[in-house]
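Got your viewer open? Load the model below and keep the selection panel handy.

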Amino acid sequence: YFVTQKLCWSIFNKFPNHTFYWKGIDGSDIFTHFPPSDTYVCDGSVKQVMDNLVRYTDKGRAGATLVLFGDGDGGGGPQLEHVERLVRMKDIDGVPKINFSTCHKFFEDAVSTSSKLMTWEGELYLELHNGTYTSMAEHKYYNRFMEILLRDTEIFYNLATILKPQDHQPEFTHGDIKEIWHTFLIDQFHDVLPGTCTFLTVQDTRENFKNLRAKCDQISKRAFAALLDDLKGSLARLTRFRPQFDKVEFNPDTEMLVFFNSLNHDRYQRVQCISSATKKEFSGYCMVPQMSRVCYDKDLIQRSHSSSKVSLKEGGAGLVTVENRFYIATVSTLNGQIVSLKDKRTKNFHREVVQEGQALNKMVLHEDVPFFWDNWDIMHHAFETEVKLPQQ
């Protein structure tokens, strides 16, 4: 079952149903309910109870709705006055009958009594909260890091299980990975990512990040040990790195590097290394096919060079032209704008991408004055409020 309330808040395109089946891209569906009172902080008033009846779009297909009452947003939940009002309205003429129950019991009854429900296929989109900023950048780093880490962890685990079942002896199971996902998805709650949460939540997410990352590293290391067993060597350490930013430290006299590319396309990347014995730095290039591994030692890395040449020419009026085998870009040193970009790969050779009199890479400011929540929303009209900046 799935219940949510905020998706009823869309400004321009109101969702057409409150009780329906939501069908995902994999073909599975789930029984779904949106409380029609359009609030998760119902105060138990007659008006808000009647809103459930008046706004309900699935009359005749389902006969009951949920009322989410109490003080929300950290307000303390149901209060005595809320309960008292609802108790008094349990059986009054002209007002919907009210029963106190649980979400699970509501869904069990709704599934058994509803009929001819509509089905919504694809994404459920809210036309609000599309700009959740935060001063808690740590949260967003954790979120993106774990998205990538969990994807890779599942890939390594399944590859080892399928390709090397005799060597893969995991400490964790698929169920454990699922639990890691569950904890992480809770930390993707819309009050965690933008930082509109309590300090206790911040402490919890920090602890979760540390624990989940450690578990994923353990799973991946055991999987890699199995996948590398045919090399007749031992896995000294497992390191995830961003080649364009990070440096790899190892002892080139006794160790070699095994690169694994978990992407669905080949990757040709410059690699920067540090000798753990001498602390000397060296670099080169490595080519890793999609979803594959390659072994490199110091000599092979240093012998590998990029075949892509880049030239730079300074012109007049503060312009610099950068060219490689794909593009010719002319950049203004006054403001960093790209005043010309020619695509050399197209059939009409050197096609100009930048419109005449325009530029790319412009720094643009817009007014951000949303209708409701400053820290949450960006309204459509914001993009009509461009503020021109000085050219230098």
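Here is a tour of the model, one selection at a time. Keep in mind that you are looking at a predicted model.

**Stop 1: the domains**

Start by colouring by domain. The domain assignment gives domain 1 as 2-126, domain 2 as 131-228, domain 3 as 235-303 and domain 4 as 311-361. If you put a distance marker between the centres of domain 2 and domain 4, taken over C-alpha atoms, you should get 41 Å.

**Stop 2: an open sheet**

Now show strands β1 to β4. They make an open sheet with mixed pairing, in the order β1-β3-β2-β4. At the edges stand β1 (2-3) and β4 (119-121), and each has a single partner strand, so one side of each has no neighbour in the sheet. Zoom in on β2 (residues 19-23) and β3 (residues 29-33): these two run antiparallel and are joined by five bridges. For a landmark, pick T19 and you'll find H33 of β3 opposite.

**Stop 3: rings on helix α4**

Switch on the aromatic side chains. There are 26 aromatic pairs to look through. Take Y141 and F145: the ring centres are 5.7 Å apart and the planes meet at 35 degrees, so this pair is tilted. Both residues sit in helix α4 (residues 137-163), four residues apart, which means about one helical turn separates them. Y141 is partly exposed, at 48% relative accessibility.

Next, select F156 and F260. This pair is edge-to-face, with 5.0 Å from centre to centre and 85 degrees between the planes. F156 belongs to helix α4 and F260 to strand β6 (residues 257-261), so the contact ties together parts that lie 104 residues apart in sequence. Which of the two is buried? F156 is, with a relative accessible area of 5%, whereas F260 is partly exposed at 22%.

Then widen the selection to Y141, Y142, F145, W181, F184 and F209, which ring pairs link into a cluster.

**Stop 4: a cavity**

Keep Y142 and F209 selected and add E138, H139, T205 and R206: these six residues line the largest cavity. How many cavities of 30 Å³ or more are there? The count is one. The largest cavity holds about 40 Å³ of space. Helices α4 and α6 (199-227) each contribute at least two residues to its lining.

**Stop 5: lysines over rings**

Two lysines are worth a visit. Select K6 and W376, and you'll see the charged end of K6 over the ring of W376, 5.1 Å from its centre. Then move on to K298, which lies over the face of F282, at 5.1 Å from the ring centre.

**Stop 6: strands β12, β13 and β14**

Finish with β12 (residues 327-332) and β13 (residues 338-343). They run antiparallel, with five bridges between them. To get the register, pick A329, which stands opposite L341 in β13. Now look at the hairpin these strands make: there are five residues between the strands, and G336 takes a positive phi near 80 degrees.

From β13, step across to β14 (residues 351-352). This pairing is antiparallel too, over two bridges. Pick K342 and you'll find E352 of β14 opposite.

Conventions. Residues are numbered from 1 along each chain as its sequence is written. This is a predicted model: local features need pLDDT of at least 70, side-chain atom pairs count only at pLDDT 80 or more; totals for chains, interfaces and linings use all residues. Side-chain values use heavy atoms; hydrogens and water are left out. Two strands pair if DSSP finds at least two bridges between them. Domain bounds come from an automatic or database domain assignment. Rings of Phe, Tyr and Trp (its six-membered ring) pair if their centres lie within 6.5 Å; planes under 30 degrees apart count as stacked, over 60 as edge-to-face and the rest as tilted. Buried means under 20% relative accessible area, exposed over 50%, partly exposed in between (1.4 Å probe, protein chains only). A charge sits over a ring if NZ of Lys or CZ of Arg is within 6 Å of the ring centre and within 35 degrees of the ring normal. On a 1 Å grid over the protein atoms alone, a cavity is a set of points where a 1.4 Å probe fits but cannot get out, and a pocket is an open set with protein on both sides within 12 Å along at least five of seven lines; lining residues have an atom within 4 Å of a point. Grid points are joined across faces, edges and corners, and a volume is the space filled by probe spheres set on the points.
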